[in-house]
Structures are given as structure tokens and as C-alpha cells.
Amino acid sequence: MHRNERGFTLMELMVVIVIVAILAAVAVPLYINYVNDARRTEAKAAIGAIITAEHAYYLRSPDLLGTGVPTYTSDLAELQRVGLDITDADRTWDFTITRADESGFAVSAVLTTTASSSNPIAVDYTYTRGESGSFTP
């Protein structure tokens, strides 16, 4: 008596599970790297807005401060007065401007979401007047 049995054997199911596990083991780290790269790019774009606002502030600072000496600022609220808008990026990134004087400035962005606590992401930008700036991921 020959039965017409249908379905998969245990061996076939185990082979499929192993293949899916291998694909997942390769895909998950790649996906995490893509997400981190996208976050760094978002920070660089927001830092670019800060850089532009810093240069605009530098050009207006002799009149704004009444000193006649141009300078940069380390106050993000002060940069908003000259047109800076980083409200979207400011929700997930913590921006810090340091060494803001006539010689240049440095901007640091640190991801502030809870997902980043185990894998912190920071992007730094340093600008010295008369030279080009540089990013440090």
C-alpha cells in the first residue's frame, strides 16, 4: 500500500532555517551600518546649516555686537537670530559649539536617542579661519 504523502521532511525544513539564519547574520550588520551612515549624513547636513549661520553671524557681528571686531558665537539661540533652522535635527542630535572666536569654531553633534546609548554616534566639525573645515565621524 503506497500513500501519497505531502509536506516537507524535517531535513528540508532545517536546511531552509539554516539558509535564512545565514542571510540574517549577514544582513543585520549591513543594515545597522547603513542606518548609522544615514544618521551621520543627517548630522553633517545640520552642521552645514550651523556653519552657514556661523559665517553669516561672523559677517554681521561687528554691527550686532557694536565692537567693530568680527567674531563667531557659541550660542545656538544667537544663530537662530540670523536664520538658523535645525529644529528637526535638534530633536535627535545635541549640538555644541566650542572655541567660537575670531579664529574659528568647532561644532560637535552627538546622537541623543535612547537607541544610541549602546552604540553612540558623534560627528565633529572643526573650522579655522583661512583654512577649510574638516569633519571627524
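**Exercise 1. The sheet**

In this predicted model, work out in which order the four strands of the open sheet lie, and which strands sit at the edges.

*Solution.* Start with the pairing: the strands of this open sheet are antiparallel, and their order is β1-β2-β3-β4. Next, look for strands that pair on one side only; these are β1 (93-101) and β4 (134-136), the edge strands. Finally, follow the twist, which averages 15° from one strand to the next.

**Exercise 2. One strand pair and the helix on the sheet**

Find how many bridges join β1 and β2, and which strands helix α1 touches.

*Solution.* Take β2, residues 104-111, and set it against β1: the two run antiparallel and share seven bridges. To get your register, find D94, which stands opposite V110 in β2. Now turn to helix α1 (residues 10-65), which packs on the sheet and touches β1, β2, β3 (122-128) and β4. The direction of α1 makes about 35° with that of β1.

**Exercise 3. The salt bridge**

Search the whole structure for salt bridges: how many are there, and which residue does D37 bind in this way?

*Solution.* The search of the whole structure yields one salt bridge. Its partners are D37 and R40, whose closest N and O atoms are 3.3 Å apart; the cut-off is 4 Å, so the pair qualifies. Then check the spacing: D37 and R40 are three residues apart in helix α1, so about one helical turn separates them. Last, are they buried or exposed? D37 is partly exposed because its relative accessibility is 42%, and R40 is partly exposed too, at 25% relative accessible area.

Conventions: Residues numbered from 1 in each chain as written. Predicted model: local features only at pLDDT ≥ 70, side-chain atom pairs only at ≥ 80, totals over all residues. Heavy atoms only, no water. Pairing = 2+ DSSP bridges. Axes fitted to C-alpha atoms, helices over the stretch in contact; angles between N-to-C directions. Contact = heavy atoms within 4.5 Å. Salt bridge = Lys/Arg side-chain N within 4 Å of Asp/Glu carboxyl O. Buried < 20%, exposed > 50% of the residue type's maximum accessible area, 1.4 Å probe, protein only.
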